[in-house]
Amino acid sequence: FYFTSGTVPEEGGNRGGGLYACRVRGAEYEIEKIYSGQCYGAIRNDSGLLFVDTNEGVFDCRDGKLTLMGQLPKNSRAHGISYNSELDRYYVSCSKTDEVIELDHEFKERRRFSVSNKICETGEPVHHVNDNCSVGNRLYVSMFSSTGNWKEDVFDGCIAEFNIDTGERLRDVASDLYMPHNVQMIDGAVHVLDSLRGHLRFGNLSPQGSFPGFTRGLDYAGGLYFVGQSKNRNYSRVFGISNNTSIDCGVIVFNPDLKVSRFLQFPPFIGEIHSVVVQTD
């Protein structure tokens with residue numbers, strides 16, 4: 001599988017932000033850094049994958065070759081990316097503008113979906129938009145605060161829903177989430193990581209898997225979920241919620257039927273994961 005890290009990039013060695021590959025063969029696994037940059041969202045793209053470098057744009061990674069497909073607005077802090085196969089459009093979440101940008105198949109901007117107009121009043125982003133998923137004429141967006149008050153210590157995290165045809169924000173699909181990430185549609189069901197609580201939610205968005213770390217990065221293949229776990233910088237917030245909070249970074253391979261998992265622990269200098277994309281041999 002591939003995974004992205006949004007930490008400060010460092011050239012050389014398996015450390016810092018970028019795109020990584022992790023090859024798993026039985027009990028053994030090895031990590032290789034493919035690209036250095038501050039990287040967040042990543043999705044499959046035919047036989048390869050697309051990923052977001054928040055400072056450079058959207059890249060295609062295929063057969064070991066990297067191609068810049070399109071640039072993104074500067075200082076927008078672009079995060080998650082999704083593809084709508086029915087519309088042949090891409091959607092990129094931008095944390096610093098409280099928006100989701102719609103791109104055409106050539107990665108040219110078409111329009112923007114604003115979470116609210118509160119940024120015009122405050123002069124700064126207030127929702128912490130991170131990931132999104134687009135299906136049909138619906139756009140689902142995860143964020144730290146539905147009302148735009150996370151900086152005032154109100155973490156009313158949610159999955160917001162937009163009508164793509166009209167651009168209208170509808171009623172939230174889910175609320176009471178704590179720093180949610182990686183909203184996805186898997187087998188016709190909405191999934192999300194309730195990150196600070198360490199929950200994988202699906203099946204009427206109920207907790208179907210619970211893990212001891214900050215969950216961020218999600219994919220599904222062969223009946224297994226691949227859940228990224230980052231170093232928890234906010235572990236004091238879960239005192240009283242969890243009796244054991246992990247500060248390790250890696251990927252959890254989770255069997256939802258048996259409720260068992262395997263943890264692939266990464267070196268300490270890889271502290272953050274945002275997206276996970278599985279490619280099986």
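Over how many bridges do strand β5 and β6 pair, and in which sense? Strand β5, residues 48-53, and β6 pair in the antiparallel sense over 5 bridges. The model described here is predicted. The protein contains 1 helix and 24 strands. Its radius of gyration is 18 Å, close to the 19 Å that the globule rule gives for 281 residues, so the protein is as compact as a globular protein of that length.

**The protein as a whole**

- Taken along the principal axes, the C-alpha atoms of the protein fill a box of roughly 50 × 45 × 35 Å.
- Buried residues make up 53% of the 281 residues of the protein.
- The accessible surface of the protein is about 12,700 Å², and 45% of this surface belongs to carbon and sulfur atoms.
- Among contacts in the protein with a separation of 6 or more, 41% come from residues 24 or more positions apart.

**Strand β6 and its two partners**

- Strand β6 covers residues 57-62 and is mostly covered, since 5 of its 6 residues are buried.
- On the β5 side, L49 has C61 in β6 as its bridge partner.
- β5 and β6 form a hairpin, with 3 residues between the two strands.
- β6 also pairs with strand β7, residues 65-70, in the antiparallel sense and over 5 bridges.
- In this second pairing, R62 stands opposite K65 in β7.
- β6 and β7 form a hairpin as well, with 2 residues between them.
- D63 lies in the turn of the β6-β7 hairpin and has a positive phi of about 55°.

**The sheet from β12 to β15**

- An open sheet is formed by 4 strands in the order β12-β13-β14-β15, and the pairing is antiparallel.
- The edge strands of this sheet are β12, residues 129-135, and β15, residues 174-177, each of which pairs on one side only.
- Neighbouring strands of this sheet are turned by 20° against each other on average, with direction ignored.
- Strand β14, residues 157-163, pairs with β15 in the antiparallel sense over 2 bridges.
- Where β14 meets the edge strand β15, I159 stands opposite A174.

**Points to look for in the structure**

- Which residue stands opposite K65 in β7? The residue is R62.
- How many residues lie between β5 and β6 in their hairpin? There are 3 residues between them.
- Which strands are at the edges of the sheet? They are β12 and β15.

Note on methods
Residues numbered from 1 in each chain as written. Predicted model: local features only at pLDDT ≥ 70, side-chain atom pairs only at ≥ 80, totals over all residues. Heavy atoms only, no water. Pairing = 2+ DSSP bridges. Axes fitted to C-alpha atoms, helices over the stretch in contact; angles between N-to-C directions. Rg over C-alpha atoms; globule rule 2.2 N^0.38 Å. Buried < 20%, exposed > 50% of the residue type's maximum accessible area, 1.4 Å probe, protein only. Contact = heavy atoms within 4.5 Å. Areas by Shrake-Rupley, 256 points an atom, 1.4 Å probe, with all protein chains shown as cover.
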